[in-house]
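Trainee: Could we go through this model together? I would like to begin with the backbone and then move on to the ligand.
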Amino acid sequence: MIIYKTDEQVELMRQSALLVSKTLSVIAGTLKTGITTLSIDKMIGEFIRDHQAVPSFLNYNGYPFNSCISVNDVVVHGFPGKYELKEGDIISIDIGVILNGWHGDHAYTFAIGNPGNAVMELIRVTKESLYKGIEKAVAGNRIGDIAFAIQEYTEKKHGYGVVRELVGHGLGKNLHEDPQVPNYGKRGSGTKLKEGMVLAIEPMINLGDRRVYTEDDGWTVRTKDGKPSVHFEHDVCVRKGRADILSDYSIIESAELANPELYTEKKNETAVAG
Ligand code: MF3
Ligand code: CO
């Protein structure tokens, strides 16, 4: 059952999504080689609780941490732990909050130092594919239009592996609501999009083969071929003509650019130009 949101509810959800964006931007300023992923998770939990919210992933279906931190070949749902970030790692940080009863849930992938051109391109293309999907999140289209746009750009155009086992989702008073939002599918297929639908769109794209497996911990999803995987997620509200993106990457990107430990293609361009 799809639960449509009123304009007032969408504004509350924007606050929830923005709290996740703010958390990610603060974390972006602290990322560097040598820190453990568990220390990042602790900061995330503290920041969220300092802002009158709770981390929604903690205890969700028994999930034992505040956030999901997925490094290199971990696709999603990585456990924070003793692992220390090193030069050339890529790290997806996925955060959920409940603020005033409403969920925010989104994710961003960072490069610690330079992981090389192939991986930087995977990061760029995955982020671009998210926006290509969002362009289709308008009233009158169908879920398959979002799915097709993401798959077409990542798989067909760039030859990457689109993860099939995990999908995006509706978002509201619950972390996972209908409809499911796959990153692969047929144009014009699936549920019709209507104003007031709030969706978490989240491409999970592999540099190599699309196949994944879940570790014995029951959560950590890894690529079968051991190659890296990238994950970006936005919360969007379906509207007529143009989707309303509730989360905000601009503050995360500013923090990313300001942190000399993080690599972005923009910095590369500046370096070449300068
Ligand atoms: N963004 C992920 C999702 O939508 C995060 C969920 S992790 C969990 O499924 F721990 F909460 F399950
Ligand atoms: Co999600």
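Mentor: A term comes first: a residue counts as buried when its relative accessible area is under 20%, and as exposed when that area is over 50%. Please also keep in mind that this is a predicted model.

Trainee: Is Asn72 buried or exposed, then?
Mentor: Asn72 has a relative accessible area of 19%, so it is buried. It sits in the loop between strand 2 (67-71) and strand 3 (74-76). Its phi is near 55 degrees, a positive value in a residue other than glycine.

Trainee: And where does Asn100 lie?
Mentor: Asn100 is in the loop between strand 4 (90-99) and strand 5 (102-112). Asn100 is not a glycine either, yet its phi is positive, at about 55 degrees.

Trainee: Buried or exposed, in the case of Asn100?
Mentor: Asn100 counts as exposed, because its relative accessibility is 57% and the exposed class begins over 50%.

Trainee: Which residues does the cis peptide bond join?
Mentor: The cis bond joins Asp178 and Pro179, with omega at about 0 degrees. Pro179 belongs to strand 8 (residues 177-181).

Trainee: Now the ligand. Which residues come nearest to ligand 1?
Mentor: There are 13 residues around ligand 1, and Tyr63, Asp94, Asp105, His169 and His176 come nearest. By character, the shell divides into six nonpolar, three polar and four charged residues.

Trainee: What polar contact does His169 offer to ligand 1?
Mentor: A polar side-chain atom of His169 is 2.7 Å from an oxygen atom of ligand 1. His176 likewise places a polar side-chain atom 2.9 Å from an oxygen atom of the ligand. For Glu233, the partner is a nitrogen atom of ligand 1, at 3.2 Å from a polar side-chain atom.

Trainee: How much of the accessible area of ligand 1 does the protein cover?
Mentor: On its own, ligand 1 has 330 Å² of accessible area, and the protein covers 94% of that.

Trainee: Changing topic: what should helix 3 span, at 1.5 Å a residue?
Mentor: Helix 3 (residues 117-135) has 19 residues, so the expected span is 27 Å; the C-alpha atoms at its ends are 27 Å apart, which agrees.

Trainee: Which residues of helix 3 are buried?
Mentor: Among them are Val119, Met120, Leu122, Ile123, Val125 and Thr126. Further along helix 3, the buried residues include Lys127, Ser129, Leu130, Gly133 and Ile134.

Trainee: What is the general rule for residues three or four places apart?
Mentor: An α-helix has 3.6 residues a turn, so residues at that separation point the same way.

Note on methods:
Residues numbered from 1 in each chain as written. Chains lettered and ligands numbered in written order. Predicted model: local features only at pLDDT ≥ 70, side-chain atom pairs only at ≥ 80, totals over all residues. Heavy atoms only, no water. Helix = DSSP H or I, 4+ residues; strand = E, 2+ residues; numbered from the N terminus. Expected span 1.5 Å × (residues − 1). Buried < 20%, exposed > 50% of the residue type's maximum accessible area, 1.4 Å probe, protein only. Near = heavy atom within 4 Å. Polar contact = N/O pair within 3.5 Å; in protein donor to acceptor, adjacent residues only side chain to side chain. Areas by Shrake-Rupley, 256 points an atom, 1.4 Å probe, with all protein chains shown as cover. Nonpolar A, V, L, I, M, F, W, Y, C, P; charged D, E, K, R; others polar.
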